[in-house]
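Work through the exercises below with the sequence and the 3D view at hand. Each task is followed by a solution in steps.

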Amino acid sequence: MSTSRSPYAAFAALLSSAGHTVSPAELHGLLLGRSCAGAGFEPGPWLVDAAELLGGEPQDSVRQALIGLQEMVKGELCSEDITVVLLLPDDETPLAERATALGQWCQGFLGGFGLTARDGALSAEAMEVLQDLSAIAQVQNALDESEDGESDYMEVMEYLRVAPLLLFSECAQPAAAAPKPSLH
């Protein structure tokens, strides 16, 4: 067994030691979903949403980890890079557990996206991304421990590293300044 733990395992241990049964993947999905929907990056509202999922006010150590997670997500969404790092179990974890966490991440994302009220309709492309996330959340048990299963998992992971950016660019970025009306 390696002495270094993945960020997912460390976060899972922190949550567990504080008595929370929520998956780090679901929490990260919730945060990313609400951020992509336009909730902003103020810690207060994020901590309220997280506390609801956790079933109560988090201890200080969990609270600090949640704020750190939000800072990480803000950095990823607001940078020039085109991928997001998902908080999921590492590749050494059995595929079934990784697939379950992937489904939890998608459920969290959809829940977080749905929590944030928006004005206006979504584009067809954004609706397709949300439908894809819903479908991925449903098929989490369909991946089998095989080379094809690993390949499918990796394909889905790659998609989920860029798909949220489409939603963020459509829903959370400030709209371009409207042209000034001409005076006649």
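**Exercise 1. Find the helix that holds Asp148, and decide whether this residue is buried or exposed.**

Step 1. In this predicted model, Asp148 sits in helix H7, which covers residues 147–171.

Step 2. The relative accessible area of Asp148 is 58%. Exposed means over 50%, so Asp148 is exposed.

Step 3. Asp148 also belongs to a negative surface patch, together with Glu147, Asp152 and Glu155.

**Exercise 2. Describe the helices and strands of the protein chain.**

Step 1. The protein chain has seven helices and zero strands.

Step 2. Written in sequence order, the pattern is α-α-α-α-α-α-α.

Step 3. The protein chain has 184 residues, and buried residues make up 41% of them.

**Exercise 3. State which residues of the largest nonpolar core touch the most other members, and which helices supply this core.**

Step 1. The largest nonpolar core has 50 residues. Those that touch the most other members are Leu27, Leu66, Leu77, Leu88, Trp105 and Phe109.

Step 2. At least two residues of this core come from each of helix H1 (7–17), helix H2 (24–36), helix H3 (43–54), helix H4 (60–78), helix H5 (95–115), helix H6 (124–138) and H7.

Step 3. H7 gives the largest share of this core, with eight residues.

**Exercise 4. Determine which parts of the chain are tied together by the salt bridge of Asp49 and Arg34, and whether each of the two residues is buried or exposed.**

Step 1. The side chains of Asp49 and Arg34 form a salt bridge with an N to O distance of 2.7 Å.

Step 2. Asp49 belongs to helix H3 and Arg34 to helix H2, so the salt bridge ties together parts that are 15 residues apart in sequence.

Step 3. Buried means under 20% relative accessible area. Asp49 has 17%, so Asp49 is buried. Arg34 has 3%, so Arg34 is buried.

**Exercise 5. Take the salt bridge between Arg98 and Asp91, and find the network that holds these residues.**

Step 1. The closest N and O atoms of Arg98 and Asp91 are 4.0 Å apart. A salt bridge requires a side-chain nitrogen of Lys or Arg within 4 Å of a carboxyl oxygen of Asp or Glu.

Step 2. Arg98 is buried, at 1% relative accessibility, whereas Asp91 is exposed, with a relative accessible area of 52%.

Step 3. A network of salt bridges links Asp91, Arg98 and Glu150.

Step 4. For the model, the count of salt bridges comes to four.

**Exercise 6. Work out how far apart Glu158 and Arg161 are along helix H7, and how accessible each residue is.**

Step 1. Glu158 and Arg161 form a salt bridge, and their closest N and O atoms are 3.6 Å apart.

Step 2. Both residues lie in helix H7, where Glu158 and Arg161 are three residues apart, about one turn of the helix.

Step 3. Glu158 has a relative accessible area of 42% and is partly exposed. Arg161 is partly exposed as well, at 25% relative accessibility.

**Exercise 7. For Gly108 and Gln104, give the helix, the accessibility and the distance to a residue elsewhere along the chain.**

Step 1. Gly108 is placed in helix H5. At 4% relative accessibility, Gly108 is buried.

Step 2. Ser23 is 85 residues from Gly108 along the chain, and the C-alpha atoms of the two are separated by 9.5 Å.

Step 3. Gln104 is placed in helix H5. With a relative accessible area of 23%, Gln104 is partly exposed.

Step 4. Gln104 and Gly29 are 75 residues apart in sequence, and their C-alpha to C-alpha distance is 7.7 Å.

Notes. Residues are numbered from 1 along each chain as its sequence is written. This is a predicted model: local features need pLDDT of at least 70, side-chain atom pairs count only at pLDDT 80 or more; totals for chains, interfaces and linings use all residues. Side-chain values use heavy atoms; hydrogens and water are left out. Patches are made of residues with over 30% relative accessible area and no salt bridge: like charges are joined within 9 Å, nonpolar side chains (Val, Leu, Ile, Met, Phe, Trp, Tyr) within 5 Å. Accessible areas come from the Shrake-Rupley method with a 1.4 Å probe; for residues, only the protein chains shown count as cover. Lys and Arg count as positive and Asp and Glu as negative; His and the chain ends are not counted. The place of a charge is taken as NZ of Lys, CZ of Arg, CG of Asp or CD of Glu. Helices (H or I, at least four residues) and strands (E, at least two) are DSSP runs, numbered from the N terminus. Buried means under 20% relative accessible area, exposed over 50%, partly exposed in between (1.4 Å probe, protein chains only). A nonpolar core is a set of buried Ala, Val, Leu, Ile, Met, Phe, Trp, Tyr and Cys residues joined through side-chain atoms within 4.5 Å.
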